Amino acid sequence: MSLLVVGLSHRTAPIPLLEKAALPAERVAKLIGDAVGTEHVTEAIAVATCNRLEIYADVTRFHGALADLSDLVSLHSGIPVEELTEHLYVHYDNRAVQHLFNVACGLDSMVVGEPQILGQLRSALAAGQAEGTAGRVVNDLTQTALRVGKRAHSETGLDRAGQSLVTAALDLAVPLLEGARPAKAVVVGAGSMSSLAATTLSRLFPDLDLTVVNRTPDRAGRLAETVGARALGLDRLTESLAGADLVISCTGAVDTVISPADFGPAGDAAATPGGTRPRVVVDLALPRDVAPEVGALPGVTLIDLERIADAERDGAARVEAGSVEAVRRIVAEEVVAYAAAQRAATVGPTVTALRGMAADVVEAELARFDGRLPELDAKARAEVANTVRRVVDKLLHEPTVRVKQLASDPGGTSYAVALRELFNLDPAAPAAVSRAEPVLADEAAEPGDADPAREEGTV
């Protein structure tokens, strides 16, 4: 089996194309289900966020699987294959592992070093497990990537260099406001990214007049209560925007949520006797929440993902000069370790099967021994049994330890084959040993891990 990554992100595709490729959770589930239904894909998960759509798959054939996965992304996104192909990236085997580790560390994010990707990866794995598409290979790979991402953040200064999409947006938005601070702000949505926005605003501006708006008032109320804000239903959006100088929207809606009409007649919601107060509307959603015409309203500046991406590219040198190189060294080290562990793992089931066969031989011989010397007392019988088992364990210990070490080197997979041939092992025995239940994504979760930034049905 081999690992294959097929995807597109803000690094390879324009925002309008990513907007077309943005899939809700139920479509992502259908996508990975269809993927493992193809001839050459045995396992798959999909990472679908506001700036990427990637499929990680265990495949039996490279070209066949690549064609199938490309066709499926086209089918589910509605983007013609011809248009999609020029923006897709493809990674295979070790390069696929390296790419996922980079993603987990935040090196491939729009905002370099952002930690939310760990929650997004965990959710992708949980979705694959729920759909039955994430088997041992993809599960082990993703669990390792989660550990590598945590290691990168804990061992380097990446957290200090990086920031969230929300803080990156606020870095652009706040200087444009009167007095370089918001007086009244509105957060539209109540999912993880909206929660992060509301929490960040309440922390940075304790006296801020903050309102949370959501299609489901109960969800708005729960979020508002945690940050000391008021909560309104989406039917009162126009009311909430009156006088607001900062609006942040991130929902899972497929259609526009905020239009010019929501700002009242002539868009004068933030007008003052001395003129029009500057207002900033931040759209963190994909598909977009805010109609582009909102940016043409008097005094309004519209900041969307495209503008944030441009700003982050301009500021990339600042981050590169910090901890990114240290993280890249960690990734390179972990890729080598993962490859060695995978090679060693190929011999593990064979060693286990060999030990099982030896145990069967021992038990058969002990039974024969009991039959030939029935008069032997229980104490002597137990001592003989323990002695025979110790002899077999000692004979197998050094060879099995050594073969695992040898198997971790490049080309070491041949040692498993050699063991099976030398001891005439039933090929079904190692295969049976290798089939085991993977660790569930929820079992690897830790308190404080970021939730997925992608909103699903939060408005």
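**Entry 1. Terms and overall view**

I take contact to mean heavy atoms within 4.5 Å. With that settled, I note that the structure is a predicted model. I looked first at D304 and found that D304 touches D283 and R288, leaving aside residues up to four places away in sequence. I located D304 in the loop between β12 and α13 (305–314). I then asked whether D304 is buried or exposed. The relative accessibility of D304 is 17%, and buried means under 20%, so I enter D304 as buried.

For the protein chain as a whole, I recorded 17 helices and twelve strands. Of its 459 residues, 50% are buried. I also looked up how far apart in sequence the contacting residues lie: among contacts with a separation of 6 or more, 74% are between residues 24 or more positions apart.

**Entry 2. The parallel sheet**

I traced an open sheet of six strands and wrote down its order as β7-β6-β5-β8-β11-β12, with parallel pairing. Which strands stand at the edges? They are β7 (230–233) and β12 (300–303); each has a single partner strand, so one side of each is left without a neighbour in the sheet. On average, neighbouring strands of this sheet are turned by 20° against each other, direction ignored.

**Entry 3. Strand β5 and its partners**

I next examined β5 (184–188). Five of the five residues of β5 are buried, so I describe this strand as largely enclosed by the rest of the structure. In a regular strand the side chains alternate between the two faces of the sheet. In β5, I found K184, V186 and V188 pointing one way and A185 and V187 the other way, and all of them are buried.

I followed β5 to its two pairings. With β6, β5 runs parallel and is joined by five bridges; here V187 stands opposite V212 in β6. The chain passes from β5 through α10 to β6, and I noted this β-α-β crossover as right-handed. With β8, β5 pairs in the parallel sense over four bridges. The bridge partner of V188 in β8 is S249.

I also checked where helix α10 (residues 192–204) rests: α10 lies across β5, β6 and β8 (246–249), and runs at about 160° to β5.

**Entry 4. From β6 to the edge**

Strand β6 (residues 209–214) is joined to β7 by four bridges, and the two strands run parallel. I found V212 opposite A231 in β7. V212 also stands opposite V187 of β5, as recorded above. I looked up the connection as well: β6, helix α11 (residues 217–227) and β7 make a right-handed β-α-β unit.

**Entry 5. The antiparallel sheet**

I turned to an open sheet of four strands, in the order β2-β3-β1-β4, whose pairing is antiparallel. Its edge strands are β2 (41–49) and β4 (89–92), each of which pairs on one side only. From one strand to the next, the twist averages 15°.

Within this sheet I looked up the pairing of strand β1 (residues 2–9) with β4, and found four bridges in the antiparallel sense. L4 stands opposite Y92 in β4. Which helix lies across β1, β2 and β3 (52–59)? I identified helix α7 (residues 136–155), which runs at about 35° to β2.

**Entry 6. Helices α5 and α6**

Two packed helices are described by the angle between their axes and the distance between the axes. For helix α5 (residues 94–105) and helix α6 (residues 116–131), I recorded an angle of about 125° and axes 7 Å apart. I therefore class α5 and α6 as oblique to each other.

Which residues make the contact? I listed L100, V103 and A104 in α5, which meet I117, L118 and L121 in α6. I sorted the residues of this contact by character and obtained six nonpolar, no polar and no charged.

Terms used: Residues numbered from 1 in each chain as written. Predicted model: local features only at pLDDT ≥ 70, side-chain atom pairs only at ≥ 80, totals over all residues. Heavy atoms only, no water. Axes fitted to C-alpha atoms, helices over the stretch in contact; angles between N-to-C directions. Parallel < 35°, antiparallel > 145°, perpendicular 65-115°, else oblique. Nonpolar A, V, L, I, M, F, W, Y, C, P; charged D, E, K, R; others polar. Pairing = 2+ DSSP bridges. Buried < 20%, exposed > 50% of the residue type's maximum accessible area, 1.4 Å probe, protein only. Right-handed = clockwise from strand over helix to strand, strands pointing away.
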